[in-house]
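Hi,

Here is the structure I said I'd pass on. Have a look at it first, and then read my notes below.

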Amino acid sequence: MEDILVPLFFFASVFSFPLARRAMIHRHNLELLRARSGPAEDAAAPGTPPDDAPALALRLPEPHRLYALALLCRLQDAPATLEPHTRATLGQIRREYLPDTLRSYLNLTPAAREQLRAGGRDPEGLLREQLKHLSRGVDGALRQDHGSASRLLTQGHYLRDRFEASTLDTARLDAAARIPVGTSVQK
């Protein structure tokens, strides 16, 4: 029995060590990657409210509810290929500006509403105005994102330069084709 167990343990240790080492290296690399990337994007940073913009929008009075939900849909449907600056702007509108606006309106007390009305300001009008500002901000950010168009134009210029013969090369080829065979070309 000992004659079988000793070689078995020897081969097991020889062949299992590289596998165990590879698993430990892989696990270590994953831990390093997690540490470098920082906290997950889904996890909210301490002190920031959770993403409650949809829930807040559902609590708004009817005309403003539809406007806020449409704005959320536009933010959600924005192309994934946006430039980093545009993505950051839209993310800031989605995570900060819109929820803050909705929260501010929904947290108005009846006394605060009366105070605004006494000052000649309608709370619903203020909310409408702020939602329009946010909508214009989304429009502006999406309008200024020219990354896709620039990439398409750059690719077109590259392909034209790469595969079209230049006019100088074409003129040389035409001139060479007109010279009869057997005559010498003087420079």
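What follows is a quick tour of one helix and a few salt bridges.

One thing to keep in mind throughout: this is a predicted model.

Let's start with helix α4, which covers residues 84–106, 23 residues in total. From its first C-alpha to its last it reaches 32 Å, close to the 33 Å expected at 1.5 Å a residue. That said, α4 has a kink of about 40°, centred on I93. I93 is also one of the buried residues of this helix. Others on the buried list include T86, L90, G91 and R94, and, further along, L98, P99, T101, L102, R103, Y105 and L106. What do those buried residues pack against? Four other helices: α2 (53–58), α3 (62–76), α5 (110–118) and α6 (123–144).

Now for the salt bridges. The structure holds eight of them, and I'll walk you through three.

The pair R65 and E62 sits within helix α3. Their side chains meet at 3.1 Å, N to O. The two residues are three apart, about one turn of the helix. Why does that spacing suit a pair like this? An α-helix has 3.6 residues a turn, so residues three or four places apart point the same way. Both partners are partly exposed: R65 has a relative accessible area of 26%, and E62 has 39%.

R74 and D139 make another salt bridge, with the closest N and O atoms 2.1 Å apart. R74 lies in helix α3 and D139 in helix α6, so this pair ties together parts that are 65 residues apart in sequence. These two are partly exposed as well, with relative accessible areas of 29% for R74 and 31% for D139. If you are looking at the packing around α4, remember that α3 and α6 are both among the helices its buried residues pack against.

The third one is E124 with R117, where the closest N and O atoms are 3.5 Å apart. E124 counts as partly exposed at 21% relative accessibility, and R117 does too, at 40%. This bridge is part of something wider: salt bridges that share partners join R113, E114, R117 and E124 into one network.

If you only have a minute, I'd go to the kink at I93 in α4 and then to the R74 and D139 pair.

Cheers

Terms used: Residues are numbered from 1 along each chain as its sequence is written. This is a predicted model: local features need pLDDT of at least 70, side-chain atom pairs count only at pLDDT 80 or more; totals for chains, interfaces and linings use all residues. Side-chain values use heavy atoms; hydrogens and water are left out. The expected span of a helix is 1.5 Å times one less than its number of residues. The bend at a residue is the angle between axes fitted to the seven residues ending there and the seven starting there. Buried means under 20% relative accessible area, exposed over 50%, partly exposed in between (1.4 Å probe, protein chains only). Contact means heavy atoms within 4.5 Å. A salt bridge is a side-chain nitrogen of Lys or Arg within 4 Å of a carboxyl oxygen of Asp or Glu.
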